[in-house]
Amino acid sequence: MKTPIPASRQRGLRLLCRVVMAAFALLPGGAAHAEIKYVLHITIDGLRGDLLRNAIAAAPDSYPGFRKLITEGASTFNARCDFDYSETIPNHTGVVTGRPVVNPPGQTGVAHGYTSNGYSGNATTGDSVHKLGSAAYEYKFSSFDMAHDRGLSTAVYGGKTRFNLYVHSYNATKGAPDLVGVDNGKNKIDFATVADLTTAANLANIKTAVVADITAGTLRNYNLVHFTDTDTGQPGGGHNVGWESAAWQAATVTEDGYLNAIFTALSTAGPGIQGKVAIVLSADHGGGGGGAGPGATADRNHGDASSVKNYTIPLFIWGPGIPPGVNTYSLFKNRFDPDAGRPNGASVYPQPLRNTDTGNIAMILLGLPPITGSYFKPEPAGMPSLTIQDEALLLHWPKYMTGYIPESTDSLSSGSWVPKPGNIVETETEFQTTIPGKLDKRYWRLREPQ
């Protein structure tokens with residue numbers, strides 16, 4: 001029989017269970033056993049959630065890429081961007097740092113503080129994620145730090161030159177020393193292609209570069225990928241034609257084509273990549289709700305962060321072990337669908353899924369710890385389960401919870417936990433390991449990566 005393990009709160013993410021006297025808990029720490037080796041962390045500029053949902057429902061055959069994300073993975077069209085800012089660079093800085101733009105009510109020292117929507121610096125001077133104008137310098141760790149410092153490769157494919165903010169903030173001059181294991185250097189981004197893409201002729205360049213790396217077997221482990229068709233891209237960018245126009249909807253069909261090309265490349269990739277890639281896809285903001293911006297009318301702008309049209313975005317997760325056809329909210333125990341609401345980031349409120357969560361979702365999938373200093377930390381809801389086999393236990397947990405390992409102790413008060421020897425087996429949907437011997441007073445736990 002299978003016995004589900006009930007959840008409780010203790011030192012962060014913890015799941016405890018007692019079968020006779022065996023206990024299991026999720027706690028920080030551990031080494032990775034990862035089927036997912038690569039993450040495509042995709043942001044689509046100006047991709048408004050409700051408009052995308054309605055377009056797919058009205059013409060499903062035009063959206064095979066998005067439908068694959070929905071039917072084979074987890075999806076919601078009702079995630080949120082930052083509470084205070086619905087602009088590209090403030091939100092993308094949150095995406096890679098896991099921090100809100102400004103401190104939520106009741107919080108101090110948690111914001112990234114990069115409120116500007118522009119960047120025109122260079123590799124050695126000018127603003128950075130760590131210092132905007134005259135603000136005090138404070139290093140903001142990122143998804144690039146977490147991957148790079150643990151020996152994984154990283155890349156940025158950016159459809160706006162402003163994305164050089166991240167290339168320059170985490171380079172050999174401005175990046176932090178690597179203090180984790182082997183010294184991999186201060187430059188946290190191994191590859192970058194960043195350019196303003198605003199015409200039908202060049203908008204596909206990002207897709208082409210990603211597909212080329214998949215095909216060549218040179219895909220990096222963590223990849224920030226940015227498409228801009230639905231924001232500034234011609235001919236369907238919202239700033240040019242309005243978010244609720246037929247031309248904007250046509251731009252979503254074009255972006256679906258990018259996804260389809262990526263899925264095709266993944267299906268024919270070599271054995272080192274095929275079946276080992278996860279996708280986390282969201283948006284920096286919606287649009288058409290007015291506010292500051294280059295558009296001539298309210299329907300062509302997104303600067304008003306209080307507008308439901310601007311703050312409503314989708315969030316998809318696809319890859320090995322992700323249960324098919326589920327709501328993304330079901331994967332996280334500390335995230336709740338806000339319906340039409342707009343909760344701020346204060347800790348007293350149940351939090352919706354935000355684009356600011358996606359950096360740490362990517363870290364979960366890669367078997368890495370949360371981004372150092374991050375504020376928004378979604379916690380997986382996947383509950384380990386036990387199968388009792390004679391006098392042994394078979395422990396199961398979802399494959400998307402990459403990097404968890406079993407440990408045991410004879411006493412919960414001793415603080416001494418010993419990793420379980422032996423193999424962790426990967427199936428198509430989960431990890432499994434057998435705990436042999438009699439059910440005695442030994443306690444077991446699953447530990448998060450660190």
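The dialogue below reads burial, one helix and several salt bridges in a predicted model.

Biologist: How many helices and strands are there in the chain?

Modeller: The chain has 10 helices and 21 strands. It has 450 residues, and buried residues make up 56% of them.

Biologist: What share of the contacts joins residues at least 24 apart, among contacts between residues at least 6 apart in sequence?

Modeller: That share is 72% in this chain.

Biologist: What supplies the area that the chain exposes?

Modeller: Carbon and sulfur atoms supply 54% of the exposed area, which is about 16,800 Å².

Biologist: Take one helix, α3. How many of its residues are buried?

Modeller: A general point comes before the count. An α-helix has 3.6 residues a turn, so residues three or four places apart point the same way. In this model, helix α3 spans residues 88-97, and 10 of its 10 residues are buried. Among them are Ile-89, Pro-90, His-92, Val-95 and Val-96.

Biologist: Which elements do the buried residues of α3 pack against?

Modeller: The partners are the strands β7 (38-44) and β11 (222-227), together with the helices α4 (143-148), α5 (164-169) and α10 (358-366).

Biologist: What follows α3?

Modeller: Gly-98 follows α3, and the phi of Gly-98 is positive, near 75 degrees.

Biologist: Now the charged pairs. How many salt bridges does a search of the whole structure find?

Modeller: The search finds 10. The idea is a distance test: a side-chain nitrogen of Lys or Arg must lie within 4 Å of a carboxyl oxygen of Asp or Glu. Glu-244 and Arg-48 meet in this way, at 3.2 Å from N to O. Glu-244 sits in the loop between α7 (238-241) and α8 (246-267), and Arg-48 in the loop between β7 and α1 (49-58), so the pair links parts of the chain 196 residues apart.

Biologist: Is Glu-244 buried or exposed?

Modeller: Glu-244 is exposed, because its relative accessible area is 52%. Arg-48 counts as buried, at 3% relative accessibility. Arg-48 and Glu-244 also belong to a network of salt bridges that includes Asp-50 and Lys-309.

Biologist: Where do Asp-231 and Lys-160 lie?

Modeller: Their side chains meet in a salt bridge, 2.8 Å from N to O. Asp-231 lies in the loop between β11 and α7, and Lys-160 in the loop between β9 (154-158) and α5, so the pair ties together parts 71 residues apart in sequence. Asp-231 is buried, with a relative accessible area of 1%; Lys-160 is buried too, at 3%.

Biologist: Are Arg-220 and Asp-213 buried or exposed?

Modeller: Both Arg-220 and Asp-213 are buried. Their side chains meet in a salt bridge at 2.9 Å, N to O.

Conventions:
Residues numbered from 1 in each chain as written. Predicted model: local features only at pLDDT ≥ 70, side-chain atom pairs only at ≥ 80, totals over all residues. Heavy atoms only, no water. Helix = DSSP H or I, 4+ residues; strand = E, 2+ residues; numbered from the N terminus. Buried < 20%, exposed > 50% of the residue type's maximum accessible area, 1.4 Å probe, protein only. Contact = heavy atoms within 4.5 Å. Areas by Shrake-Rupley, 256 points an atom, 1.4 Å probe, with all protein chains shown as cover.
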